[in-house]
Each structure stands twice: as C-alpha cells, then as structure tokens.
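Student: I am new to this structure and would like to look closely at a single part before anything else. Could you choose one place, explain it with care, and then lead me on from there?

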Amino acid sequence: MSSDDDASVSTEGDDAVFSEKSDPTDSEEENSEESDPPRRRKRKLSSDESFSSDDSYKKKKKRKKIQKKPAKAKSSPRTPRPKDVKKVVYKEDESESEEDEESEADDADLLEDEDTLMTEVSTMQVDDSNAETIEKVLKHREGIPGAIGPPTTAYNVEEKGDPNKGVEDKNQSELERQFLIKWVGWSHLHNTWESLKSLNGSNVKGIKKLENYIKKLDELEFWKSRADKEYIEHYDCEQEMNDELLDEYKKVERVIAHQVSREKNAVGEKVMEYLIKWACLPYSDCTWEDEGLIQQTFSQKIDEYYTRINSKTLPNKINAGMLSKRRPKFTKLDEMPDYLRPISNPDMELRDYQLEGLNWLLHAWSRENSCILADEMGLGKTIQTISFLSSLFHLHDVHGPFLIVVPLSTMTAWQREFELWAPTLNAVVYMGDVSSREQIRNYELLFANSRKIKVNALLTTYEILLKDKAFLSGFDWAALMVDEAHRLKNDESLLYQCLRNFSTAHRLLITGTPLQNSLKELWALLHFIMPDKLIL
Ligand SMILES: Nc1ncnc2c1ncn2[C@@H]1O[C@H](COP(=O)(O)OP(=O)(O)OP(=O)(O)O)[C@@H](O)[C@H]1O
C-alpha cells in the first residue's frame with residue numbers, strides 16, 4: 001500500500017468524508033437536493049397560460065407563457081429569473097482566474113473573432129421586467145410565415161407537429177426569413193424560431209444581437225459570392241457540425257437533483273422538477289425543467305438518477321481499504337466476468353492480454369502493491385484500468401472513491417469507456433469553470449448538508465486537480481489513477497508535488513512510455529507509487 005503517512009486522513013465514522021476545512025463550498029451547505037432550491041435557477045416555465053396550436057401568433061408570441069404540458073396548465077405566479085446569467089464553455093481555460101469572470105469587453109473581442117454566424121454572449125444582466133432576452137442567434141432559415149414562436153420549440157414540434165412543415169413545396173417569395181433564438185435563462189430545449197418582424201414588434205431584449213447576426217450574414221453572403229468552392233464547402237461542413245451540436249444540447253446527459261415544483265398541475269397536484277445537465281454543455285448551464293417535459297423523451301435518465309441517489313454501493317472507509325484491514329486473497333479470473341460485459345454491446349470481450357493485465361492489476365492490489373500499467377499505445381490501458389476498478393467494486397465491495405486524473409484530450413474517451421464497461425459505477429467528470437465545479441460539488445459529489453462523498457469514481461484533469469487541490473486532497477481515495485503518468489517523471493513538478501500528499505490506499509500509473517530519457521525518471525514514478533519502499 002502506498003498511502004502517504006503525512007496525508008490528512010479523516011477517521012470520522014466509516015463513511016468516506018471530506019476532511020479539508022478550507023473548502024470553498026463550506027458556505028454552500030444550504031444546497032439540498034430534496035428541500036432547498038439552488039441559488040442559480042434558470043428558466044422555468046410559468047403555468048398561467050396554456051398553448052393552443054390554433055392561437056394566432058399575436059396571442060402566443062410571449063413564449064414564456066406557453067405551457068409545455070397544456071393539459072396541466074394552471075395559474076401560478078411567474079418564477080423570478082436570474083439576475084446574472086453567465087455563459088461558459090465546456091473546456092478548461094488555462095488562464096482562468098479564481099473568479100473566472102470575463103468582462104463584456106472581452107466578449108466583444110471574442111465576437112469579432114467568431115468565424116461562425118453564432119453571436120456569443122458571455123455575461124449579461126437581466127433586469128426584473130418580464131421581457132425575455134436574446135442570448136444568442138443560432139441560425140436562420142427561410143420559413144413559412146407565422147411558423148415562429150412557442151409552437152417551434154423542440155417539444156411542441158414533437159408533440160403537435162412542425163408549423164414549418166411543407167416549406168420545401170413553397171416558392172421563395174412565399175417565405176420569410178426566420179432566426180433560431182437561444183433565450184437567456186432557458187435551456188436549448190426552449191429555443192424558438194422568430195422573425196425580424198415578430199421580434200421587433202415585441203418586448204424582447206438583446207435585439208442588438210440579431211442586428212449583429214444580420215450584419216454578419218450580409219458579409220457572409222458577400223464572401224460566398226467570391227470565395228472558392230472548397231472554402232464554401234468547408235464552411236457549410238462547419239455549419240452542419242454546429243447543427244449536430246445544437247441537437248446534442250437538447251439531450252439530457254444526467255439528472256442531478258430534484259425538487260417539488262412551486263407550480264401545481266391541472267388537478268392541483270404537486271409536480272416534480274429536475275435539474276438537468278445537458279449533453280456537451282457545462283454544469284453551469286444546468287436548468288430546472290418540469291418533470292413532464294423530461295419524462296417525454298428522457299424518462300430513463302430520471303430512472304438512472306433515482307437509482308444513483310438510492311444506491312447502496314457508496315464509498316465508505318471500511319471497504320475503501322483506508323482502515324488496516326487485510327486485503328482479500330487474489331483469485332484469478334479465467335474469463336471475462338459478466339459485470340464487465342457491455343450491456344449495449346454484449347459481444348464485446350476483453351482481449352486475452354487485457355484479461356491477463358486485469359488479473360495482474362488485481363493481484364498487485366491484493367498484495368498492497370501500487371503499480372505502473374505500461375502497455376504500448378492503443379492496447380487498451382483505459383479499458384483495463386476501468387475493468388480493474390469495476391472488479392474492485394463488484395468482487396471486493398470497494399466502492400471507491402476512485403480518483404482518475406487524465407489529460408483533457410482523453411477525457412471523452414474515459415467517460416465513454418466508463419459508460420460502456422462499468423455502467424454500475426457512478427462516475428462523474430469534475431471539470432469546467434469555477435461555477436461548473438461548484439455545481440458538481442454541490443449536486444454530484446457530496447451529499448447535501450454533509451461531507452460524505454457519493455460518487456464511486458471522479459474523473460478530472462491535471463489542471464483542475466492543481467486548481468482544486470485543497471478540495472480534492474481532503475478525501476481518502478480508495479485508488480488514484482494517473483493517465484499519461486510520465487508527466488510525473490519529474491518529482492519537482494507541480495503535479496507530482498500536489499499528488500504525492502493525497503491520501504490514497506492504492507495508486508496506479510498508466511503510461512505507454514514509463515522510461516523516456518533517463519532512469520531517474522522511472523525512479524520518480526516508482527517513488528510516487530511506493531514512497532516508503534523506494535526513497536528518492
Ligand atoms: N477489448 C476491446 N474491445 C473493443 N475495443 C477495444 C478493446 N480494447 C481496446 N479497444 C479500443 O481500442 C482503442 C484504444 O484503447 P485505449 O484508448 O484504451 O488504449 P490506450 O492503451 O489507453 O491508448 P493510449 O496509450 O493512446 O492512451 C479504443 O478505441 C478502445 O475502445
């Protein structure tokens with residue numbers, strides 16, 4: 001075992017608890033999944049009006065008054081909207097300041113650099129009036145006049161049909177230009193198509209964004225009239241990719257909290273609402289959505305959420321190996337165990353050498369030896385590592401918490417392989433800007449009003465690890481995995497210095513190149529996994 005002696009190990013009860021006292025979330029204990037609404041509430045539908053597909057546009061142009069579930073509509077006061085909504089990008093900003101704030105001036109510069117037609121808004125103030133605000137103009141089309149407003153949200157189109165249906169059969173002269181609008185405080189699910197006339201004639205804020213979009217559109221059309229065909233094709237290709245991404249933004253990745261809605265349904269019953277993490281968007285873009293809306297297409301995600309919160313396989317100290325308990329004897333796996341068989345693709349098998357690798361990892365663990373997995377590139381070190389963690393979970397009741405530190409570039413692959421090979425483990429990716437990480441800590445990582453950890457595996461990057469080392473070093477990790485671990489070859493590096501003091505019961509370094517230049521580098525890796533046995 002390579003647990004460092006000087007690491008702070010909490011001995012409070014048997015549960016895996018967070019023991020760092022300077023945690024920035026210390027003041028956030030009021031956040032509760034079941035009772036306390038979170039501070040950041042994004043757009044929420046009011047239920048004081050219902051949508052009827054045969055209403056005239058004039059009547060229904062106030063999108064906010066459209067009910068997702070018309071049958072359940074009932075009067076209730078409008079939910080207050082956020083004062084300050086920040087748009088962030090799901091990537092790490094190397095130069096992120098502690099507050100991670102960007103000035104509007106910076107955003108304006110960024111806008112100039114945008115080579116797509118999307119108009120980006122990073123920070124915007126929303127006043128208390130009921131006017132909706134344009135956050136972004138996403139794209140445009142030539143549509144059937146009147147095919148705008150609430151009937152054009154994704155869920156209304158799905159439920160009641162597309163008002164723009166049959167547009168292909170119309171002449172150009174019969175059509176009007178329409179713009180797809182992302183509204184401040186509302187998820188992409190509530191995007192609507194709007195026309196210039198409808199927006200200008202209504203009480204909508206942020207019209208300047210539309211003007212900018214139109215200006216850029218004119219420039220684009222001028223450019224297209226002169227550019228080479230291949231450049232135009234390249235541009236169109238990019239637009240297609242943007243469209244695909246927009247579709248992803250409307251997909252639920254995870255439900256992360258629930259609460260009883262302040263609104264009631266048509267028969268006066270209380271209904272639930274869920275906090276949604278949207279696919280390909282950061283946690284800071286999570287929004288509360290009505291149960292009915294999410295049930296429509298993503299009921300499985302709600303089921304998965306309840307399975308997670310009712311899970312009996314949560315990390316605790318006894319089985320995490322933090323207490324001095326002898327590890328079980330190694331028993332060789334002769335074939336791939338069923339718990340590893342991917343449900344979505346049951347024909348997938350661990351390759352022979354991967355099964356051998358898994359046995360080797362389990363053997364080392366049972367002997368309390370941390371180790372280095374040094375297969376060559378592409379041989380499936382990720383899958384072997386995940387199989388190892390899943391085996392600890394299923395065979396030895398070690399439910400984590402496992403900390404997996406990986407390069408940003410491989411994060412998506414790790415996430416994918418976890419879903420495929422270890423779906424029972426609750427694995428959460430801890431990255432993004434300050435606000436996203438705060439959301440993850442509040443909703444995904446820790447139980448409300450407690451310091452107990454509720455994920456089995458936490459994936460993060462080197463950069464985030466360094467930023468949040470005070471927080472992350474406060475846990476007793478059942479195992480620490482470092483991918484591309486040759487980054488630890490220099491024992492004076494920040495990463496090395498940061499991780500060496502983490503409290504871990506087991507360490508696994510993953511690298512295709514454990515020996516790059518000198519033996520000293522290998523020695524540094526060995527010292528990292530066995531600091532007591534191999535002295536630097
Ligand atoms: N048993 C398997 N069945 C199906 N696909 C596999 C299997 N093992 C590996 N792969 C695939 O092979 C590819 C490489 O695997 P992986 O990324 O785990 O390798 P690696 O050793 O971690 O690579 P690198 O050193 O580049 O990080 C991945 O796309 C993975 O899905």
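Tutor: Let us begin at the hairpin of S6 and S7, where five residues lie between the strands and one of the residues in the hairpin, Gly268, takes a positive phi near 80°. What you see is a predicted model, so local features are given only where pLDDT is at least 70 and side-chain atom pairs only at pLDDT 80 or more, while totals for chains, interfaces and linings use all residues. Residues are numbered from 1 along each chain as its sequence is written. Strands (E, at least two residues) and helices (H or I, at least four) are DSSP runs numbered from the N terminus, and two strands pair if DSSP finds at least two bridges between them.

Strand S6 (residues 252-264) and strand S7 (residues 270-278) run antiparallel and are joined by eight bridges. Within this pair, Gln259 stands opposite Glu273 of S7.

A second place to follow strands is an open sheet of three, in the order S3-S4-S5, with antiparallel pairing. Strand S3 (134-143) and strand S5 (192-195) stand at its edges with a single partner strand each, so one side of each has no neighbour in the sheet. On average, neighbouring strands here are turned by 35° against each other, direction ignored; such axes are lines fitted to C-alpha atoms, for helices over the stretch in contact, and angles run from 0 to 180 degrees between N-to-C directions. S3 and strand S4 (residues 176-183) run antiparallel, joined by eight bridges, and the partner of His140 in S4 is Phe179. Helix H5 (residues 207-226) packs on this sheet, touching S3 and S4, and its direction makes about 50° with that of S3; contact means C-beta atoms, placed from the backbone, within 7 Å.

From the strands we can turn to the nonpolar cores, each a set of buried Ala, Val, Leu, Ile, Met, Phe, Trp, Tyr and Cys residues joined through C-beta atoms within 7 Å, where buried means that 20 or more other C-beta atoms lie within 10 Å of a residue's own. The largest core has 78 residues, and Leu389 and Ala457 have the most contacts inside it. Helix H10 (residues 381-396) gives the most to this core, with six residues. Not counting residues up to four places away in sequence, Leu389 touches Phe402, Ala422, Leu425, Ala457 and Ala479. Apart from this core lies another, of 14 residues, among them Ile134, Ala147, Ile148 and Trp193.

Conventions:
Contact = placed C-beta atoms within 7 Å. Buried ≥ 20, exposed ≤ 12 C-beta atoms within 10 Å, placed from the backbone.
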